[in-house]
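Hi,

Here is the structure I said I'd pass on. Have a look at it first, and my notes on what turned up are underneath.

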Amino acid sequence: MNSRSRSRSRSVDHFNFFDPEDVEAAQGASTMDEDVDYDTNWDDEYRRGSVTSMSVQDYGSIDRVRTNSTYAYRDRVPSDASRALLDDDEMSTDREDEDTSDIGPTPSNGQTFPQEVDPALHEHYFPNYPTSIKFQRFYIAEEDLVLAIAGYKTHKVRLQLYYLFCILTFGLGYLILRWLPKYKFAFYGAAAPLGKAEWVVIETEYGELSVVDVHRQWYNRPLSTIMNVPHLDIESTQGSGSGSNSSGLNLNLDPIIPILISFEYRYLKLYYSPVEDIYKTNTNWVDYSWHTRSKEGLTTDAYEDRNLVFNQNSLDLKEKTVGQLLVDEVLHPFYMFQVFSIILWAFDEYYYYAACIFLISIASIINTLIETKSTMKRLTELSHFQCTVRVWRNGFWKETTSHDLVPGDVYEVSDPSLNTVPCDSVLLSGDAILNESMLTGESVPVSKLPATSETLEHLLEGGSNMSSLLAKSYLFNGTKIIRVRHTASDPALALVTRTGFSTTKGALLRSMLFPKPAGFKFYEDSFKYIGFMFLIACFGFVFSTINFIKLGLSYRIIILRALDIITIVVPPALPATLTIGTSFALSRLRKKEIFCIAPTRVNVGGKLDVMCFDKTGTLTEDGLDVYGVHSAENFDKLTKNVNELDSKMIQALVSCHSLRVVDGELMGDPLDYKMFEFTGWNYEEEFGGFSSLNESRNDEDILPENTGISPSVVYPSGDKSKMLGILKSFEFVSELRRMSVVVKCESNFHVLTKGAPEVIKEICDERTFPQNYEELLHHYTHNGYRVIACAGKPLKKNTWLYSQKISRNEAESGLQFLGFIVFENRLKPSTTGVLTELRRANLRTVMCTGDNLLTAISVGRECGLVEEDLIFVPHFTESGIEWHEIDNDEMVLDSNTLKLHDTYKSYGLAVSGDIFRHVLKNEVDLYSEDYINTLLLKTNIFARMSPDEKHELVEQLQELDYTVGFCGDGANDCGALKAADVGISLSEAEASVAAPFTSRTFEISCVLDVIKQGRASLVTSFSCFQYMSLYSAIQFISVSILYKRGSNLGDFQFLWIDLFLILPLAIFMSWSDAYDTIVPKRPSANLVSPKLLIPLVINIVIMLIFQVAIWQYVQGMPWYIKPVPGGDDAVQSSDNTVLFYFSNMQYILCAITLTVGPPYRESAAKNIPFISNVIVSFLLSVLLMNVSPDGFWGNLFQLTDISTGFKWLIVVFGVLNLAACHYIAPKFKKVWRKRISSKRYKRWLKGQHVVV
């Protein structure tokens, strides 16, 4: 996709520390060498236009013609380093003496130098590259993440003032600045050019802020040994560069870097480029000598240089210590508020209450630490790998640990002890079979072939997408080695290309460690609501203070009680209630074999608007059975017996595949396996019966008797006389959508090809096609079958040498059509029922597949995903795109509006990947915004979609404010699974762990469970949040009334309310399971909407009225005892006792009112623990009303005597209070009705009158 498509789905408006406009305008770089940041206007050119005319000062004695370093480590320190350090010391009078303990290598002149180089030396060592840029942008393409990076240096005077400020505020200033880091940076940091920065501030596009130290060390090597230098590859291909002009160009493009400046962020190393004055990464670094000297390996000196730049080949995670985790947890605002509350209660002599809350907080912190450590342990076990490898260095084989591998190393893949690829590599010799499920989610073995000269050219070209040719020789880090074959004389070799977190596995691991934040409105609103409650608490603080001063209380009591009102209005347990419903949902999902690594996504699942599904392996079964074969010789007949087929079609069936034998078992692509199984033939590898016999002896390296690797053969069961040898394979390439083999039968050589029918038609002789070719193909694809076409031709020369030298283009041209193989595309048992339930619930369902468009439409109709009367598919024409009805070619859509005229039938669209890509590119503004929106909103079938296009589709739907779910089997779906708001993987492979949800039951029924539990969790979170809000409001009212008379609740009264009433009720009201049906109406995620807040305010007013009424009434009783203003050790009064009794009733009855049942949760009547808790709490509250004030419990709770009649009045008032809350407050929900939706797609549909 280009800038047009991505700009629609990308925004950098979420930056907080940096100005989004500055981020957009800043100079940028990315993890890819090419311009892949198509979301923003990246500048491809050098910052300095005169780069080629610059002179470069060479600080080391270096032979520039050589690629591999041969100089010693001490040569990294420039010869004039001591003079520079001395001059710098004279210029800076206040600089401290160098720490002699931090001494670097000793050069020949005996001087010593610090390993960490002073930033002040920058101008001296980079005189031709002065640094001025203070701010840049960086794009991590693998994670689709934009960063803003700014350089800073520490201002010593301000730093001292910062320390003084923290001390004088007793640490409060430290906490505030820790929570608001942007003010902390402004306090003691000063903006500095990136080249001179001591530390950098990094902010992600989601507002996550980090500070990272910049490191400097002596290097004195060419820039090309650190990162790829643009245009240097052109220079490299022109020879060693004899002559001054060539040498000058090389020096200007590739200057010496005296000081290596770098920092590490999220396990990604970024290096400073003085030429461009920004930081860049070297994840795609290549050595241009690999094209000609790939098998030479490295010298010891070259290894040392690369080890300095690329570090260890390790994926070991940096685990925080328990102490660090404890500090991070305890210093979180939530726990600091708990600490503040506990200290306040201790000063107010609420010792028992403070102790209980303290113990609960400790238990919560310990539980969090255990969960964090266990999660990190699992990730560490997943990432850690170390083995012994044999490496070719200095012309000798050497055994070393895999951690020592660096790019350019050559190691032995055929080592029997090696069972896992230790790094990203290119296979140089031999062949291999790997299990790449760690990356793709598919456990199908993948064959790897040795790299050719063309393959290495693709490697050096780089790019954001790996070419299919390179992928056939590329060994990915962490993939399992199933089998390696090599010649008798030479081992199988591989060239190291990437190490550590620069590898594909490293990128996958980074995405798991730093997932995309879930920007869910409920969580955003919850903090707004807490802030609003805090403002109310501040109002209560002021009111209470004024009232206490009027009552003449001591300043100690005034301060303690006024502060205590804050802990009442914002109870410490309030944020924790957000997770109660989620915890229960996670537990229930685990019981159904659905696992979640991102708990915040559970509630998001309750708001899904659209659900996208992959087809093969998700909606349909993985294995496709062969339905039959149509041979070209008898094209009208569907043959189900292989013996009735002609010999050429049989040869295509038995040889045109990528199957391999591993441990006596045939393994490979399921479609190939089913096709070969249909024939009943045998497959054998390492068959020694093939030789070139009397053929020419030149090019003898490719003759079978000399390679040591014999061709594979196939033959009918028990009859080797009809043996067929597979001499050469052109593997399946996704861009070409076909594969070919060269086979030998007796003395004849043939090319056989199979692939997509539309592709095979382009490379075949038109005269070989039957007349009803299109008709038969249309019949099967319209009925949901998968069709593969076969073709072939005899070779011009029946020789081994010709068969090995023939190119793919020559082999796959001028073919003769041989026939169709028809596969059944069977739906999984649960597919139709699940899709029906989703459609009934008004959840849009979309198929996103790499399969044929017509087949996808047929499957969509069969499973109920497509319900429209008419389906229109696009076709390219000279004037643009025309949309024709799939069954009536004469019926077309309006090409400008995509509307259907002159009919009232419902219609939908089906789009292929090339059309999707073309429309979103919109290079000459052919398509309006309405056109693109209509395409996105009316299309339910997206076929022939690549992994990148699936990812882009998810982002385009999100741009329309859809909450998007994606369900796939992990194969080619990882990008979409991670981009979706709710990604559900039907695979246990490591790649799928990056998805928020993983189901071990490989049926899409898990989607229903995620949605049901998500909705139940969301409404539970709402209920608990409202309950805690009402609880704090009730207690605030009670305390405010008592504060009016200078009194308060007692220590054990607070303890009873919070621990024995509120906590069990809040937990058990969340116990209800999800409702068994998904209804069209979605639960609200807006916590601060009038629809929610107005009934809440009405409930608070009702509580206030009832409390004030019963308080006023009790004052007229003859046994009334007036409160005495004073401390909390003597709070006995009728006001205290009556309000305590009545508020107990309110707490219990509020829980009943706010317990949500259908249509999102089961009826409260089924929640036995909650019902039991309500009954027990009510009985205990009534029992507490009848204890003797002079007894143990009466003294403990500081109660006074009230009449029996008044006790009954309290119960009656409680029942009336319940009725008022139950019937009055809900009626106010209808007062506010949102007329205009906040979601773009709903507003657009309403404006266009489009029915989806």
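Let's start with one pair of residues: Tyr-683 sits opposite Val-714, which belongs to β26. The strands involved are β25 and β26 (residues 712-716), which pair in the antiparallel sense over four bridges. By "pair" I mean that DSSP finds at least two bridges between two strands. Helices (H or I, at least four residues) and strands (E, at least two) are DSSP runs, numbered from the N terminus.

Some housekeeping before going on. This is a predicted model, so local features need pLDDT of at least 70 and side-chain atom pairs count only at pLDDT 80 or more, while totals for chains, interfaces and linings use all residues. Residues are numbered from 1 along each chain as its sequence is written, and side-chain values use heavy atoms, with hydrogens and water left out.

**The whole chain**

There are 43 helices and 39 strands in the chain. Of its 1252 residues, 56% are buried, meaning under 20% relative accessible area (exposed is over 50%, partly exposed in between; 1.4 Å probe, protein chains only). Among contacts with a separation of 6 or more, 75% are between residues 24 or more positions apart; a contact means heavy atoms within 4.5 Å.

**The eight-stranded sheet**

Back to β25 and β26. They belong to an open sheet of eight strands, in the order β22-β31-β30-β29-β28-β27-β26-β25, with antiparallel pairing. The edges are β22 (626-631) and β25 (681-684); each has a single partner strand, so one side of each is left without a neighbour in the sheet. On average, neighbouring strands here are turned by 25° against each other, direction ignored.

Moving inwards from that edge, β26 pairs with β27 in the antiparallel sense over three bridges, and Ser-712 has Ile-726 as its bridge partner in β27. Strand β27 (residues 724-733) is mostly covered, with eight of its 10 residues buried. Seven bridges then join β27 to the antiparallel strand β28 (residues 738-745), where Val-742 is the bridge partner of Lys-728. The loop between β27 and β28 holds Arg-737, a residue other than glycine with a positive phi, near 60°. Arg-737 is partly exposed, at a relative accessible area of 24%.

A helix also lies across this sheet. Helix α27 (residues 773-782) covers β22, β30 (786-794) and β31 (816-823), and runs at about 15° to β31. Axes are lines fitted to C-alpha atoms, for helices over the stretch in contact, and angles run from 0 to 180 degrees between N-to-C directions.

**A strand with two parallel partners**

In a regular strand the side chains alternate between the two faces of the sheet. What covers the faces of strand β21 (residues 610-613)? Both faces are covered, with Val-610 and Cys-612 buried on one side and Met-611 and Phe-613 buried on the other. β21 pairs in the parallel sense with β32 (residues 844-848) over four bridges, and four bridges also join β21 to β37 (residues 964-968), again running parallel. Phe-613 has Met-847 as its bridge partner in β32 and stands opposite Cys-967 in β37. Leading into β32, the loop from α30 (831-840) contains Asn-842, whose phi is positive, near 65°, in a residue other than glycine.

**Helices around α39**

Helix α39 (residues 1134-1154) packs against two helices. Its axis comes within 10 Å of that of α36 (residues 1005-1044), and the two cross at roughly 165°. They are therefore roughly antiparallel to each other (over 145 degrees; under 35 is roughly parallel, 65 to 115 roughly perpendicular and the rest oblique). The crossing is right-handed, meaning the near helix is turned clockwise from the far one by less than a right angle, and left-handed if anticlockwise. Residues in this contact include Tyr-1027 and Ile-1034 of α36 and Leu-1139 and Tyr-1147 of α39. The contact divides into 11 nonpolar, seven polar and one charged; Ala, Val, Leu, Ile, Met, Phe, Trp, Tyr, Cys and Pro count as nonpolar, Asp, Glu, Lys and Arg as charged, and the others, Gly among them, as polar.

The second partner is α42 (residues 1204-1223): the axes come within 9 Å and cross at roughly 30°, with a right-handed crossing. Phe-1142 of α39 and Phe-1213 of α42 are among the contact residues, which divide into 13 nonpolar, five polar and no charged.

One last detail: the loop between α39 and α40 (1168-1185) contains Pro-1159, and the peptide bond from Pro-1158 to Pro-1159 is cis, with omega near 10°.

Cheers
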